2 protein chains.
Amino acid sequence: MKYSQTFIPTLREVPGDALIASHRLMFRAGMIRKLSNGLFVYLPLGLRSLRKVETIIREEMDAIGSLEIKPTVVVPGELWKESGRWTSMGDALLRVKNRLGADLVVSPTAEEAFTSIVRGELSSYRQLPLLLYQINTKYRDEIRPRYGVMRSREFIMKDAYSFHTGDESLDEHYQAQGRSYRRIFKRCGLTVIPVKADSGAMGGAGSEEFMVESEIGDNTLLLCKGCDYAANVEKAECKLDYSPRFSEDIARGAAANTPPMEKIDTPDVKTIEELCAFLKTGAGNFIKTLIYRGVNVELDLSTAPGCKNLSRRRPSPGSPEIWDEAFFAVAIRGDLDVNEAKLAAVLKASELTLAADTDVVRITGAPVGFAGPVGLDTVPVVLDQTVTGMNDAVAGALEKDRHYRHAAYGRDFTGWLTADVRTVRAGDRCPLCGGELYEKKGNELGHIFKLGRKYTKAMGVSYLDENGKTSFPTMGCYGIGLDRTLASIIEEHHDERGIIWPLPAAPYHVIIIPIKYQGAVKDACDTLATELETAGLEVLLDDRDERAGVKFNDADLLGIPWRIVAGDKSLAAAPPRVEVKRRSGGEPRLMPLREAAGEIAGAVHRELASFKG
Amino acid sequence: MKYSQTFIPTLREVPGDALIASHRLMFRAGMIRKLSNGLFVYLPLGLRSLRKVETIIREEMDAIGSLEIKPTVVVPGELWKESGRWTSMGDALLRVKNRLGADLVVSPTAEEAFTSIVRGELSSYRQLPLLLYQINTKYRDEIRPRYGVMRSREFIMKDAYSFHTGDESLDEHYQAQGRSYRRIFKRCGLTVIPVKADSGAMGGAGSEEFMVESEIGDNTLLLCKGCDYAANVEKAECKLDYSPRFSEDIARGAAANTPPMEKIDTPDVKTIEELCAFLKTGAGNFIKTLIYRGVNVELDLSTAPGCKNLSRRRPSPGSPEIWDEAFFAVAIRGDLDVNEAKLAAVLKASELTLAADTDVVRITGAPVGFAGPVGLDTVPVVLDQTVTGMNDAVAGALEKDRHYRHAAYGRDFTGWLTADVRTVRAGDRCPLCGGELYEKKGNELGHIFKLGRKYTKAMGVSYLDENGKTSFPTMGCYGIGLDRTLASIIEEHHDERGIIWPLPAAPYHVIIIPIKYQGAVKDACDTLATELETAGLEVLLDDRDERAGVKFNDADLLGIPWRIVAGDKSLAAAPPRVEVKRRSGGEPRLMPLREAAGEIAGAVHRELASFKG
């Protein structure tokens, strides 16, 4: 392809909102343009690289037997109502009414569509497993789209869905997807951090996120200095600083030497810091109690304190009951923070927020600041597991200006539920090896997830098993964001002059720069381009009437892996020579013109093969 | 690919709403499924053929130097407001509000997006022409989506847009697109009828539709029995049955022998039929006059009768003035019908409807039924050109129960504008050769169109020309519907047993059917499949444990061009043989197993090449 015949509008300047390297470089290299906030256009150069990523993903999906289909981008709102996500998905779901008043959704993901397709076809266990995927447009109505195509509103996603008779078959395909993800990212030249949700447990429900390190990452990762433990902070666990975890009985025993609990006056003491100063103790001896409001709670609350009269519903015959709204007290050691993502997962709540002050007053019978687990029976009390190790603690007394001291778990209070809802931090101990954890910011490129029967039950997808019994298939889902993957390649592979493409994602393999595109130089470049293209390489020939410096700068900016420069002088030598240079580094070297095409084509094919190997 | 490892849910039954062959067969062959009204999912087999069509189109676009880009599917409503189509596009435009209240559009077409992209990049004439295209999802909010993917709401379209300094460059690319369309449809095995809007005139504004004949076509075509004239009824012209067309002077001369015009009583005569009976004359001697209401009229009405005080606006500084609403009288020979599409094009009105009775009374000063061109000065009078040949006609007298007779054009009345606004019918005469015209129903697969400067002016896209003067580029647009093209291939190529794919669009080139997939038959089939795939062919191996009859029926239904059957008997012969048959016809023949792969691969490659040739 001749430069003058394509459309690569390179720029020296960078838009003010381009805060990260990939956004700046994709913009400057003429790969993308902004149509509007969060809506980006791929120009020819950008589209070439995007298609490379797409092809890699397609090849790896086909290789594990996943079958490509193409649902629509706009799907009926009815399907989302069946699954319950029409309401639970929140404002990121772009909802539309068509001219006839029917509800539509511009797909942000496609569990519903795939489940609906399979529902129409599935009758027998013989048809399972069914492994399907699409590579298609998605839309997520981000409030603050940022960082170019790294977090845009419209994007391309590969999303696969699998349907199985049981856990073993699901686990097999889940593992295959995981392996294919590792291959995909390797072929893209990306260093990913696979983050398992369940610290490596085999089988059962599971999920794994594929992260790249990024200073602007959405995710905080906790990594172990001693082993390969990696977890998203939303799910990270850590070793407790005591062990074993106390049962109520053991706790009562441990409290044998604790003085009897007593209520004390704590006038004008509002914060934990003030309380620590007042009682001359550390925050670690205090039980912090917070009141949360959960929405759409799926955890069974039928026997929970204070929940008897709450309104609940069953969205569809097969699905579990859901409590529309419920309040919870969460008690945790005073020096720690509640992890709301973990808490929401424990409660199976679609939304979780701190309760309003008026609700706190109603529930605790006291002003804000005096909540505590002792004697609290108006709501279910969730104890972080750290609290079960506390046998001489300070806690709010459910009265203004009053606290308990010498409160002991098992003796003076228990909870309705004990769970790990603590936010793990750098410095905490690895749950696997006890090593020190440290933090990194990461961006999620891919996610594989065992969904179970949530969608198949809610949407009534069933089949007859080997014994003629009606069963619901169990599902997995597996997504990769293509645009974000492409941007991440640039984040990992660039320098101050521009992009440095890994060969498999490069828009072209070779750029040929004639110092002046005329006479013998033109002939040599044209011949070289033809030879390279005949050998299966993708070649950009910079035939523009620009100064050599401009062409060199643009070549560095575009980041094409191999650069060949042809000028009068070296072509006049005997034998005629061209200058060959890798964008990734190393000195330019002169190569006989006659040998250049053969040598470079060989090197390119070997290198492409090495990414697959 | 083994049949058991893909997902081709064939069916004996047909959904009740599948009214045409392509819908029935795509459904039965497991190519598509319906997600909802007008929303279809491509299953693996359907997607393979859709991709074949996509690749053919992409290759032909690339071959004429059009550059692929990828705008978003969801685009800002602002762009559509700039072009004016936010309002003029009507209800087929799917409008969305996002969570921040911004207007969005799910693209039905992309003039606005491409114009906006070019606006951001264009500065100099040296950058032109700029030739861009996309192959992307579109959505049109059809009220009555029908006929499967032939008229669905969401679909895939190739839409190209070109930007030029002038008409010559535009015409050159317009012609190149036209040639590429002919190649695309030939490669798809489709017989298209190219329909020119302007009966073959070179240069200037123009458009050409590529139609396939279809009993359920949206379009009525008029074709000539004597030459290759083909026109959409919306634009069809025909030879006048007198000639030359009369100027006013000539008309006055022609009226020399006509008696003076006189007003006559026509009591209780309401319809043309009654009038003909009353006056004992034919409808061809009567001037039918209709009152129309036009909306958003771009034709310059500043000097037109009755239009002086109408409200008008200029949407943007560069664009022409638009009259919000204007009424017109249209006079035509009594035996003919007004073609509203042609009339709207003459008036440059975005909407055109017959005026309400109250408006007719106000404008003509008489009850409905007595309109006529004589003395009518409250609105502009548009004369169909047939009226200029009438020198002794009957016309309404703008009074209840009164008509004129002996009215003569040029002597007794003239019009504000004379134009061809007549609906051409089968039996009329070809405007090129005078041959008889006949009608066909057609579906539009593609459309190439010279847009001119409408969008570049409205959206302020400019560049500096060779003399440093600010200019607006002229545009062309070029669309093909992929889904509809695919369905049309099936419409043209099927029989009562199923699809008969032309090789370039076939999902697989060869289907191999083992009578029983075991032992020597299995080995022979596996080897054959590998040999064929190594030779670059796409092979479906029906390894299912089904009766031979089921496999044969499915093979006929799927329509794969070459069928190889392997059974114990013929494989036991010396030399071992397989049975080879073309889906398109001819007898099955036995072929030595050893030679089958080579012979079939050769034939397939030769045939594929012949479609490109």
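A residue counts as buried here if 20 or more other C-beta atoms lie within 10 Å of its own. With that cut-off in hand, here are the views of this predicted model.

**View 1. Chain A as a whole, with 48% of its 613 residues buried.** The C-alpha trace of chain A spans about 100 × 65 × 45 Å along its principal axes. Along the chain you'll find 16 helices and 32 strands. If you like contact maps, look off the diagonal: of the contacts in chain A with a separation of 6 or more, 73% are between residues 24 or more positions apart.

**View 2. How chain A splits into domains.** Domain 1 takes in two stretches, 17-237 and 439-490. Domain 2 covers 248-419, and domain 3 covers 508-612. Measuring sticks at the ready: going by C-alpha atoms, the centres of domain 2 and domain 3 of chain A are 69 Å apart.

**View 3. Strand β28 of chain A, covered on both faces.** This one zooms in on residues 510-514, and 5 of the 5 are buried. On one side sit V510(A), I512(A) and P514(A), while I511(A) and I513(A) are on the other. Whichever face you pick, those residues are buried.

**View 4. β28(A) and its partner β29(A), running parallel.** Strand β29 of chain A is made of residues 539-541, and 3 bridges tie β28(A) to it. To find your place in the pairing, start at I512(A), which stands opposite L541(A) of β29(A). Helix α13 of chain A, residues 519-534, joins the picture too: β28(A), α13(A) and β29(A) form a β-α-β unit, and it is right-handed.

**View 5. β28(A) alongside β30(A), again parallel.** Here the pairing is with strand β30, residues 562-566 of chain A, through 5 bridges. A handy landmark is V510(A), whose bridge partner in β30(A) is W562(A).

**View 6. Chains A and B around the rotation axis.** A turn of 179 degrees plus a shift of 0.1 Å along the axis lays chain A on chain B, with an RMSD of 0.3 Å. That's the relation of a two-fold axis. Which residue of chain A comes closest to the rotation axis? It's V96(A), with its C-alpha at 3.0 Å. As for the contact surface, 100% of the interface residues of chain A are interface residues in chain B as well, so the two copies meet through the same surface.

Terms used. Residues are numbered from 1 along each chain as its sequence is written. Chains are lettered from A and ligands numbered from 1 in the order in which they are written. This is a predicted model: local features need pLDDT of at least 70, side-chain atom pairs count only at pLDDT 80 or more; totals for chains, interfaces and linings use all residues. A residue is buried if 20 or more other C-beta atoms lie within 10 Å of its own, exposed if 12 or fewer, and partly exposed in between; C-beta atoms are placed from the backbone. Helices (H or I, at least four residues) and strands (E, at least two) are DSSP runs, numbered from the N terminus. Two strands pair if DSSP finds at least two bridges between them. A crossover is right-handed if, with the strands pointing away from the viewer, the path from the first strand over the helix to the second runs clockwise. Domain bounds come from an automatic or database domain assignment. Two residues are in contact if their C-beta atoms, placed from the backbone, lie within 7 Å. Copies are superposed by least squares on the C-alpha atoms of residues with pLDDT of at least 70 in both.
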